Amino acid sequence: MNRCRGASLLAVLALLLGTACSVPSEPSPADWRAAAIQALEDVAGQLGTVELVLAQEQDDKLLGRYAVVVASEAEEAAGTSAESLTSQQPPAGTRQRFGTVSGALDEATSLLTEARVALVDDDRAKYSSLRRRITRLQQRLDEIRGRLR
Amino acid sequence: MKKYLAVTLGILTAIGGFVDIGDLVTNAQVGARFGMSLGWVVVVGVLGICVFAEMSGRVAAVSGRATFDLVRERLGPRVGLLNLGGSMAVTFLTFVAEIGGVAVSLQLLTSVNELLVVPFVAALVWLVLWRARFSHLENVVGILGLALVVFSVALWQLSPDWTELGRQMATADKPVSEAWTTYAYYGVALFGAAMTPYEVFYFSSGGVEEGWSVKDLRLMRLNVLIGFPLGGLLSLSIAGCAALVLQPAGISVDGLGQVGLPVAVALGKVGIAVAVLGFVAATFGAACETGLSVGYSVAQYFGWQWGKFVRPREAMAFHVLVLASTVVAAGVLLTTVDPIMVTEISVVFSAVALPLTYFPILVVANDPDYLGEHVNGRLANALGNAYLVLLTVASLAAIPLMVITRMGQ
């Protein structure tokens, strides 16, 4: 009897583990909205960091590889934040919003990569246009966040 | 003249040694999110560390024994073990964070990945702890840590509206978008960072290492009452710089690189070079202090010979423990854990362990068997008891706030 109960328990655990491993989690709409707001805020903050780094590099105020290190860390952190949201299954009824949010996050991470590449190449001619694009994208992320609240 | 030099050197090292990775990260995070509205917590924390550091320094000077050497004897092995467990766990976590902080600081200049640097930093920390004289260690890293004064200069250079900063501090005026629970979470973290337990371990054990006696009480008090508050001003400067530069840009701090950016804005290349020197010195100094503190606390509890005032051969167990904790700390960092995340966790758990660390100091500092006529006066006891209530509240609130706010999100 005990052996049978033990085997059932193991089977249930294995099933739960299998389910947890193979299917992305599906949060409630409220939890998804909170996670989306958080991801947008985090990524906007990383955009702000890189914009500031580019501005300081333009003015020749940063030392050695400081700018590249900070920009790379911002790019990595933004990627992690975006992935933490996009890896979740969007709940039913939020698919359109999901498309808007994940599209904006994708654009932000690509822009951060572009900025890092420009910093590593020391391609100063691109800094001004990158800063303008970052500022515009930050505003867009803020607008999306505002609509989600 | 020699006496004045000693006083000045003591105060300077107290200022330079005050800030560690926890203060750097937490103050910048708080400044970037809440402006100066949590600055009052730094003031309360600095006053608290002054109260208890003075007590533990007095115990060391009068009895010739470190405070925690007396805890087991005075409060018994069970309370002593509780005190040891809580305080040592937090001190070890801080040790991990400090070694990681040195590696991250060096990465900012060289762009060499922190994981490649960690083993060398750990080896250097251990070598210094094994070979360097205590006074050299304290003076050199303390003086180099003064490079962080660059944050005060940068704050001045940024020409802030001082009245507005003061108003935010005095009225605890948090941004409307932030929840009170998040505000409270960061308040507790800031309090934990300002009153980190290892500071008193190190301070009282250092007093014994340097052979303090009753004659040194005045010097010790000057170090504490002038050096620590000036060190607290550095913390406020870091928060102020973040409030002026990072907050308006919507930047949240999750790396040491962001902490230095306001200095670059204000002072350019020279400023950022001095700031990075300060990061390295502050974290390296604190790594040495926390590494020694792990050894001090365990050796003092078990009654082993300890310290750098005896030859390493005579304090073998102490040195083996320091070596083992350095190896384990480097091992933890090599698992690719984020040092800034370890720092954030360590300051919150510091807050949890606060009563375990500070209650025994208050008891020992009131015992005439150890302190004779130098036991706590009315003011020291009034402040000590008031702080004990505050520490208990912060300790009880820390974990629930961490869970509710999902670590301050």
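A residue counts as buried when its relative accessible area is under 20%, and in the predicted model described here Val322(B) counts as buried because its relative accessibility is 2%. This residue lies in helix H13 of chain B, which spans residues 316-334. When residues up to four places away in sequence are not counted, Val322(B) touches Trp126(B), Leu129(B), Gly291(B) and Gly295(B). The C-alpha atoms of Val322(B) and Val298(B) are 10.0 Å apart in space, with the two residues separated by 24 residues in sequence.

A second position in chain B, Ser395(B), belongs to helix H16, which covers residues 378-404. Ser395(B) has a relative accessibility of 13%, and therefore this serine also counts as buried. With neighbours within four places in sequence left aside, the residues in contact with Ser395(B) are Ala351(B), Val352(B) and Pro355(B). For one of these, Val352(B), the approach can be described in detail, since the side chain of Ser395(B) reaches the backbone oxygen of Val352(B) at 2.7 Å.

Two cysteines of chain B were also examined for burial. Cys50(B) counts as buried because its relative accessibility is 5%, and Cys288(B), with a relative accessible area of 1%, is buried as well. A disulfide is a covalent bond between the sulfur atoms of two cysteines. Over all chains, the structure holds 0 disulfides.

Chain A contains 5 helices and 0 strands, and its pattern, when read along the sequence, is α-α-α-α-α. The chain has 149 residues, of which 40% count as buried. Among the contacts in chain A with a separation of 6 or more, 81% are accounted for by residues that stand 24 or more positions apart.

The contact between the two chains draws on 19 residues from chain A and 26 residues from chain B. The area buried between chain A and chain B is about 1,900 Å², and carbon and sulfur atoms give 61% of that area. On the side of chain A, the residues that lose the most area to chain B are Lys61(A), Leu63(A) and Tyr66(A), which together make up 32% of what that side buries.

Polar and charged pairings across this interface were then considered. Between chain A and chain B, the count is 7 residue pairs in polar contact, with both residues at pLDDT 80 or more. The interface of chain A and chain B also holds 1 salt bridge by the rule applied, and in a salt bridge with an N to O distance of 3.2 Å the side chain of Asp60(A) meets that of Lys269(B).

Within the side of chain A that touches chain B, helix H2 (29-58) and helix H3 (66-86) each supply at least two residues. The largest share of that side comes from H2(A), which contributes 8 residues. By residue class, the side of chain A that touches chain B divides into 8 nonpolar, 7 polar and 4 charged residues.

Conventions: Residues numbered from 1 in each chain as written. Chains lettered and ligands numbered in written order. Predicted model: local features only at pLDDT ≥ 70, side-chain atom pairs only at ≥ 80, totals over all residues. Heavy atoms only, no water. Contact = heavy atoms within 4.5 Å. Buried area = accessible area lost by both parts, 1.4 Å probe. Salt bridge = Lys/Arg side-chain N within 4 Å of Asp/Glu carboxyl O. Polar contact = N/O pair within 3.5 Å; in protein donor to acceptor, adjacent residues only side chain to side chain. Helix = DSSP H or I, 4+ residues; strand = E, 2+ residues; numbered from the N terminus. Nonpolar A, V, L, I, M, F, W, Y, C, P; charged D, E, K, R; others polar. Disulfide = S-S within 2.5 Å. Buried < 20%, exposed > 50% of the residue type's maximum accessible area, 1.4 Å probe, protein only.
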